Number of protein chains: 2
Amino acid sequence: MTQPVPMAELWRADLLESRHLGHAVICDDSGQIVQAWGDPEALIYPRSSCKMIQALPLITSGAAAKYGLTSERLALACASHNGAEIHTSRVRAWLQDLGMGDSDFRCGPQMPDDRDARYALIRGYEAPCQYHNNCSGKHCGFLTLAQHMGAGPEYVEIDHPVQRAVREAFEEVTGEASPGYGIDGCSAPNFQTTLHGLARAMAWFASAGDRSDRQSMAAQQLTAAMVAHPDLVAGEGRACTELMRAMEGRVAVKTGAEAVFVAIIPEKRMGIAVKIADGATRASECAIATILSGLGVLDPDHPATVRRITAPQLNRRDVEVGQIRPAAALLSR
Amino acid sequence: MTQPVPMAELWRADLLESRHLGHAVICDDSGQIVQAWGDPEALIYPRSSCKMIQALPLITSGAAAKYGLTSERLALACASHNGAEIHTSRVRAWLQDLGMGDSDFRCGPQMPDDRDARYALIRGYEAPCQYHNNCSGKHCGFLTLAQHMGAGPEYVEIDHPVQRAVREAFEEVTGEASPGYGIDGCSAPNFQTTLHGLARAMAWFASAGDRSDRQSMAAQQLTAAMVAHPDLVAGEGRACTELMRAMEGRVAVKTGAEAVFVAIIPEKRMGIAVKIADGATRASECAIATILSGLGVLDPDHPATVRRITAPQLNRRDVEVGQIRPAAALLSR
């Protein structure tokens, strides 16, 4: 097995203080590797980076059309959101349209990352609800599909029709039989794949416009929804939102816990998948921004890019005392 | 240069999801390495793990005696505290005794980690003060020393008498000329050392009771203060506090940012220093607890130990879906 390679570094004055190793793959629409760092066959959990795959059955089943899901709702189905008002108001409206309530969720409650929403809860002595969970949009998608299928309420169980449909779509687009699964932070199964498989799936999304099969048309809709609503996919200040805005609708990107990051680049028919071996998000953000810049689809001088590629480390008086930098291997193309 | 070795792993179901590499050294009181993992000569920033070294001049200068500093205040000088009421009330009283106020600090404001203190600020629409900064006890020590010396107010400048005294003590106990420094999150200089130098310093603290020189007597006082007040050194729920309580006053431990962890073991005249290469605290906590257990000074079955060595990863419904585990290399002694 190829070892992970240096991807991002934290410098403080003249000393390399910490270093992140990882794997990355750029794949084309034939499933071939265009470029790889580390081990493209490393087995990973994609975590939230595969939400657009998990949302495919919502469309291919006919549920999205029947329930009239807008592109906002499709973006939320692919989101790891901040729990801000713009997210939770839309999730609650979706739940209401399903005739359901917060207790129908199986994702668990989560304190919002959004500062205004969090402070409002704390000031009101309120506990967070399940709709605040960063995955509540994905779970709305699961609930919609379950209702459409007439399936039972325990939609995160591995043998529930919703998760069986997700697994089938996942294996189809990664081009691999998934060897196993783990349980994600939101209680849904998360299927294992190689990094190559995940990049292949992203390239398949990127080239979906070339095809007219049901699954590819669903992929086109989801990618379009993500790039149309970068604020719904993550939130203010977040890498996914800022990088998608910087690329002005040309590229979809998505983060996942434990430092996974993917990109869908329709104009190049390419997909990217990154996994930092130690699970540090500061490094996966640096790596994906560096690779996207190297491919010429992300302006290296855009403030959103600069913030990820050379993220300043501030002290408590807001003076820069260190800096994240991409490792040399990522820059040499 | 020896590469870092596996130290801690995150498992989710049957798959190793993330892995942390690092360096560790156990040193005896002659400065010799008893056992090492990775590269003992790796150059690091000790960050907050060296606060007991930074506090030495406070005592050797005669300031601590003149100002009648209690063991509580000496523990706070070595602390990275949570900003809870037990910490901030004591820091404010210390400031008041100096005839000083919050604006004399140079550490910058920080929202407290302590939930009650944080929620109280948010509910009161108040911004955090500098005394909430996790380093405010160390800065009280700096202010006390500066006042004792009759030195100026900019006590975090590299050429200020306080920092010159800190550097002198640092180089003496690490046994190395420090090749450089960076600026810490609290704006104080943080001097570079090898991991071996840091472990040597901790062994020097551990054996201080064997010697009666001024510096060694100061070291004894600081170690005694830390183990007497584990709640002041960090806070409820924190690894330093819980592990020191579990070892019932026999061992002092201290964390530092970017995954440094040290231990002072007087009964063995040994010191330990750990640095996780990627800066992940979950891994440094796992590593230090594993090494202390291996040395027989920390009960492997104590809940505080178990929480660090095999830290459960819970989903949002509080079900365990993953686990931190020490890497095999750390267990094979």
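The side chains of B:Asn315 and A:Ser187 meet across the two chains in a polar contact of 2.9 Å. Keep in mind that this is a predicted model, so every distance here is computed from predicted coordinates.

B:Asn315 sits in the loop that links β11 (312-314) and β12 of chain B. With a relative accessibility of 6%, B:Asn315 falls under the 20% cut-off and therefore counts as buried. A polar atom of its side chain also lies 2.8 Å from the backbone nitrogen of B:Arg317. Who else is B:Asn315 in contact with, once its neighbours within four places in sequence are set aside? From chain A there are A:Ile183, A:Asp184, A:Gly185 and A:Ser187, and from chain B there is B:Val321.

Now for another asparagine, B:Asn190, which belongs to strand β6 (residues 189-191) of chain B. Is B:Asn190 buried or exposed? Its relative accessible area is 0%, so B:Asn190 is buried. Its side chain makes a polar contact of 3.5 Å with the side chain of B:Asp184. Beyond its neighbours within four places in sequence, B:Asn190 touches a set of chain B residues, including B:Tyr45, B:Pro46, B:Arg47, B:Cys50 and B:Gln54. B:Gly180, B:Tyr181 and B:Gly182 are among its contacts too, along with B:Asp184.

Here are the polar distances for both asparagines side by side.

| Asparagine atom group | Partner | Distance |
|---|---|---|
| B:Asn315 side chain | A:Ser187 side chain | 2.9 Å |
| B:Asn315 side chain | B:Arg317 backbone nitrogen | 2.8 Å |
| B:Asn190 side chain | B:Asp184 side chain | 3.5 Å |

Back to β12 of chain B, the strand that follows the B:Asn315 loop. Strand β12 (residues 320-326) pairs with β1(B) in the antiparallel sense, over four bridges. One of the pairings puts B:Trp11 opposite its bridge partner B:Gln323 in β12(B). Strand β1 (residues 5-12) of chain B also runs antiparallel to strand β2 (residues 15-27) of chain B, joined to it by seven bridges. There, B:Pro6 stands opposite B:Leu21. β1(B) and β2(B) make a hairpin with two residues between them, and B:Ala13 in that turn has a positive phi of about 50°.

How do the two chains relate? Chain A superposes on chain B by a rotation of 180° with 0.0 Å of shift along the axis, at an RMSD of 0.0 Å. That is the relation of a two-fold axis. The C-alpha of chain A nearest that axis belongs to A:Arg123, 2.5 Å away. The interface residues of chain A are also interface residues in chain B, at 100%, so the copies meet through the same surface.

Technical notes:
Residues numbered from 1 in each chain as written. Chains lettered and ligands numbered in written order. Predicted model: local features only at pLDDT ≥ 70, side-chain atom pairs only at ≥ 80, totals over all residues. Heavy atoms only, no water. Pairing = 2+ DSSP bridges. Buried < 20%, exposed > 50% of the residue type's maximum accessible area, 1.4 Å probe, protein only. Polar contact = N/O pair within 3.5 Å; in protein donor to acceptor, adjacent residues only side chain to side chain. Contact = heavy atoms within 4.5 Å. Least-squares fit on C-alpha atoms with pLDDT ≥ 70 in both.
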